[in-house]
Amino acid sequence: MASYDVIIIGSGPGGYVSAIRCAQLGLKVACVEGRDTLGGTCLNVGCIPSKALLHATEMLHESQHNFAEMGLKGKAPSVDWKQMLAYKDKTISQNTGGIEFLFKKNKVDWLKGWGSIPEAGKVKVGDEVHEAKNIVVATGSESSSLPGVEVDEKVVVTSTGALELGKVPKSLVVIGAGVIGLELGSVYARLGSEVTVVEFMDAITPGQDGEIAKTFQKMLKKQGLTFVMGAAVQGTTVKNNKATVTYKLRKDDSEATLTADAVLVATGRKPCTDGLGLEALGVEMSDRGQIKTDAHYATNIKGIYAIGDAIAGPMLAHKAEDEGMAVAEGIAGQKPHVNYGVIPGVIYTHPEVASVGETEETLKEQGRAYKVGKFSFMGNARAKANFSGDGFVKILTDKATDRILGAHIIGPMAGDLIHEVCVAMEFGAAAEDLARTCHAHPTYSEAVREAALACGDGAIHM
Ligand code: NAI
């Protein structure tokens with residue numbers, strides 16, 4: 001039995017970042033992880049592996065569509081699926097190994113096994129019970145199931161199974177037009193699968209700025225994805241390695257089916273809290289299964305904290321990381337703060353979609369007077385040279401003060417471009433502050449500046 005200042009349960013982006021921050025602040029810390037490798041869903045079966053497949057298939061697309069025009073001649077590459085998966089696996093192990101190195105460097109103990117909390121101040125891992133003045137639950141989330149849909153991770157898969165299908169399916173039905181469905185759906189579309197996305201709502205990516213969602217759907221259609229909107233999936237059946245998906249159209253209750261070689265269920269995720277012993281301890285949970293916390297990530301039980309996907313808020317790795325740092329700093333006696341108004345969201349399709357802050361819809365709901373500054377990547381020289389002129393930057397400002405309230409980008413490197421707006425928002429900047437900042441030419445980021453200019457006297461290249 002060992003004694004620690006902090007034991008963190010879970011080594012995903014929330015947990016491992018928190019552990020490193022605790023160590024940096026002089027706390028004796030251990031992190032419990034039952035997987036063979038550190039990094040949680042994000043590094044092992046989520047953000048990182050999916051990015052490897054997105055990158056590989058984007059390269060394939062580039063070679064098929066744009067190489068000839070650039071004078072790059074030769075046979076277009078063919079897909080060696082096994083090798084592509086090996087590249088993905090190497091990317092995973094480089095990253096999970098990196099966390100193991102950081103743990104050693106920072107003297108974070110890795111307690112191997114699945115943890116539970118028999119009582120406040122104690123964490124059980126295997127047969128051993130360790131003492132901890134503070135416990136942080138960072139156990140993340142798992143794919144939520146849909147009634148009538150039985151996941152076998154072979155034909156009917158979650159994002160985990162979709163990252164290691166035996167072969168590229170000829171046809172794929174994606175249930176849910178959210179982030180996971182569209183990222184992985186576009187991977188398989190580029191690999192040649194016939195992809196049909198079945199979505200309950202009338203727009204894709206719920207919560208997204210409406211204009212962006214519409215443009216995004218048009219682009220995805222152009223890339224070959226088919227959409228069945230306003231359709232509630234009722235269930236799936238599998239016969240001879242083929243799946244049939246039954247759905248009901250909301251507008252007239254009519255039922256229809258789709259048959260495919262694989263089905264990806266991407267209808268959301270739910271917190272992972274089973275087996276921790278939280279119920280017996282009396283830790284308060286919301287009716288959505290999230291652990292309830294106060295502004296300092298403390299649960300109602302003294303010395304037990306929770307962060308990341310296991311608590312309320314967007315299920316995003318970077319939100320969990322920020323909370324991981326904040327909870328560590330709070331335990332160490334500092335006064336940290338996470339600004340939930342400035343958490344970017346990125347969809348890593350091609351082109352990428354990135355957003356931060358308010359959308360036009362939320363501003364209208366609040367009855368706020370706002371201004372829109374927009375700039376198309378068609379007016380950006382770098383984007384045009386790189387076959388990336390599709391998409392735009394949109395900045396929303398307070399009509400009276402010019403303060404930036406939100407930004408939405410669909411276009412090249414949107415996931416990186418959004419951060420200059422995030423920094424501006426953190427500093428309470430006006431669009432004019434962005435517009436008066438010199439931006440290097442020729443860069444994609446000039447499109448952000450031009451959108452900021454469009455909030456004032458007008459963009460130059462439009
Ligand atoms: P999501 O919540 O983003 O989207 C789920 C979609 O499924 C919604 O559009 C919903 O209307 C639809 N749906 C639900 N029930 C349905 C039914 N019966 N029939 C048809 N459609 C139905 O969930 P997703 O994509 O599974 O992602 C889970 C979480 O993981 C999200 O919180 C997401 O933000 C996060 N994530 C973030 C990534 C990123 O930031 N790039 C990447 C992957 C996941």
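**Exercise 1. Place Ala 431 in this predicted model and decide whether Ala 431 is buried or exposed.**

Step 1. Find the element. Ala 431 sits in helix α13, which covers residues 431-435.

Step 2. Check the accessibility. The relative accessibility of Ala 431 is 1%. Buried means under 20%. Ala 431 therefore counts as buried.

Step 3. List the contacts, skipping neighbours within four places in sequence. Ala 431 then touches Thr 397, Asp 402, Ile 404, Ala 452 and Cys 455.

**Exercise 2. Follow one contact of Ala 431, Thr 397, and describe where Thr 397 lies.**

Step 1. Thr 397 belongs to strand β21, residues 392-398.

Step 2. Thr 397 has a relative accessible area of 0%, so Thr 397 is buried.

Step 3. Look at the contacts of Thr 397, again leaving out residues up to four places away in sequence. Among them are Tyr 370, Lys 371, Arg 403 and Leu 405. Asp 402, Ile 404 and Cys 455 are on the list of Thr 397, and they are also on the list of Ala 431.

**Exercise 3. Find the patch of negative charge and say how far Glu 164 is from Ala 431.**

Step 1. The patch lies on the surface and gathers Glu 150, Asp 152, Glu 153 and Glu 164.

Step 2. Take Asp 152. Asp 152 is in the loop between β7 (141-143) and β8 (156-157). The relative accessible area of Asp 152 is 35%, so Asp 152 is partly exposed.

Step 3. Now take Glu 164. Between Ala 431 and Glu 164 there are 44 Å in space, C-alpha to C-alpha, and the two are 267 residues apart in sequence.

**Exercise 4. Examine three of the 17 salt bridges in the structure.**

Step 1. Glu 329 pairs with Arg 21, at 2.8 Å from N to O. Glu 329 is in helix α9 (residues 317-331) and Arg 21 is in helix α1 (residues 13-24), so the bridge ties together parts 308 residues apart in sequence. Glu 329 is buried at 15%, whereas Arg 21 is partly exposed at 24%.

Step 2. Glu 323 pairs with Lys 319, at 3.1 Å from N to O. Both residues are in helix α9, 4 residues apart, about one turn of the helix. Glu 323 is buried at 1%. Lys 319 is buried at 1% too.

Step 3. Lys 364 pairs with Glu 360, and their closest N and O atoms are 4.0 Å apart. Both lie in helix α10 (residues 360-365). Lys 364 is exposed at 55%, but Glu 360 is buried at 14%. Salt bridges with shared partners join these two with Asp 209, Glu 211, Lys 374 and Lys 394 in one network.

Definitions and conventions
Residues are numbered from 1 along each chain as its sequence is written. This is a predicted model: local features need pLDDT of at least 70, side-chain atom pairs count only at pLDDT 80 or more; totals for chains, interfaces and linings use all residues. Side-chain values use heavy atoms; hydrogens and water are left out. Patches are made of residues with over 30% relative accessible area and no salt bridge: like charges are joined within 9 Å, nonpolar side chains (Val, Leu, Ile, Met, Phe, Trp, Tyr) within 5 Å. Accessible areas come from the Shrake-Rupley method with a 1.4 Å probe; for residues, only the protein chains shown count as cover. A salt bridge is a side-chain nitrogen of Lys or Arg within 4 Å of a carboxyl oxygen of Asp or Glu. Lys and Arg count as positive and Asp and Glu as negative; His and the chain ends are not counted. The place of a charge is taken as NZ of Lys, CZ of Arg, CG of Asp or CD of Glu. Helices (H or I, at least four residues) and strands (E, at least two) are DSSP runs, numbered from the N terminus. Buried means under 20% relative accessible area, exposed over 50%, partly exposed in between (1.4 Å probe, protein chains only). Contact means heavy atoms within 4.5 Å.
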